Amino acid sequence: MRIAFAALAILVATPALAEDLVFTLVNDSSHTIVEMYVSPVGEDQWGDNILTVDGVEPAVSGDVTIADGLDVCDYDLRFVTAEGAEAT
């Protein structure tokens with residue numbers, strides 16, 4: 001099943017530390033996001049699930065920190081919903 005949703009509505013890149021990337025995730029969909037994976041653009045594998053909550057309900061937003069120690073700001077994102085659908 002393929003779904004289209006705008007989970008990443010606001011990307012305000014503000015470094016919390018020299019290597020950390022902090023942005024606001026807005027779930028602007030009708031699905032609960034239960035997993036979020038990131039990888040630097042061009043990488044072949046996803047990192048670990050970085051969500052620290054059980055799920056991000058529709059219309060909920062919160063800050064996300066990518067603290068991977070890298071000096072990059074360009075990432076691919078993968079979201080998994082409670083129903084098992086994925087969006088990248």
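**View 1. Aspartate 28 sits exposed in the loop between β1 and β2**. In this predicted model, aspartate 28 has a relative accessible area of 54%, and it counts as exposed because that value is over the 50% cut-off. The loop that holds aspartate 28 runs between β1 and β2. Look also for glutamate 57, which is 29 residues away along the chain: its C-alpha atom and that of aspartate 28 are separated by 9.2 Å.

**View 2. Serine 29 is buried and makes polar contacts through its side chain**. Serine 29 belongs to the loop between β1 and β2, and its relative accessibility is 12%. That puts serine 29 in the buried class, because the limit for buried is under 20%. Its side chain has a polar contact of 2.5 Å with the side chain of asparagine 27. The side chain of serine 29 also reaches the backbone nitrogen of histidine 31, here at 3.1 Å.

**View 3. Four strands each give two or more residues to the largest nonpolar core**. This core has 13 residues, and Phe23, Leu25 and Met36 are those with the most contacts inside it. The contributing elements are β1 (21-26), β2 (33-40), β3 (61-66) and β4 (75-81). As general background, nonpolar side chains in soluble globular proteins tend to be buried together. For the protein as a whole, buried residues make up 35% of the 88 residues.

**View 4. An open sheet is built from three strands in the order β2-β4-β5**. The pairing in this sheet is antiparallel. The edges are taken by β2 and β5 (86-87); each has a single partner strand, so one side of each has no neighbour in the sheet. Between β2 and β4 there are seven bridges, and one pair to pick out is tyrosine 37 with its bridge partner arginine 78 in β4. Six of the seven residues of β4 are buried, so this strand is largely enclosed by the rest of the structure.

**View 5. β4 and β5 form a hairpin**. Four residues lie between the two strands, and glycine 84 in the turn has a positive phi of about 95°. The antiparallel pairing of β4 and β5 extends over two bridges. Phenylalanine 79 is a handy landmark here, as it stands opposite alanine 87 in β5.

**View 6. Alanine 59 has a positive phi in the loop between β2 and β3**. Its phi is near 70°, a positive value in a residue other than glycine. With a relative accessible area of 74%, alanine 59 is exposed.

**View 7. The whole chain has five strands and zero helices**. Starting at the N terminus, the elements follow one another as β-β-β-β-β. Of the contacts between residues at least 6 apart in sequence, 61% join residues at least 24 apart. The accessible surface comes to about 5,500 Å², and carbon and sulfur atoms account for 48% of it.

**View 8. Residues 8-17 have a pLDDT under 50**. The model has 20 contacts beyond four places in sequence for this stretch. A word of care when zooming in: where pLDDT is low, the predicted coordinates should not be read in detail. Across the protein, pLDDT averages 82, and 80% of the residues score at least 70.

Definitions and conventions
Residues are numbered from 1 along each chain as its sequence is written. Side-chain values use heavy atoms; hydrogens and water are left out. A nonpolar core is a set of buried Ala, Val, Leu, Ile, Met, Phe, Trp, Tyr and Cys residues joined through side-chain atoms within 4.5 Å. Buried means under 20% relative accessible area, exposed over 50%, partly exposed in between (1.4 Å probe, protein chains only). pLDDT is the predictor's confidence in each residue, from 0 to 100. Contact means heavy atoms within 4.5 Å. A polar contact is a pair of N or O atoms within 3.5 Å; within protein, one must be able to donate a hydrogen and the other to accept it, and residues adjacent in sequence count only if both atoms are side-chain atoms. Two strands pair if DSSP finds at least two bridges between them. Accessible areas come from the Shrake-Rupley method with a 1.4 Å probe; for residues, only the protein chains shown count as cover.
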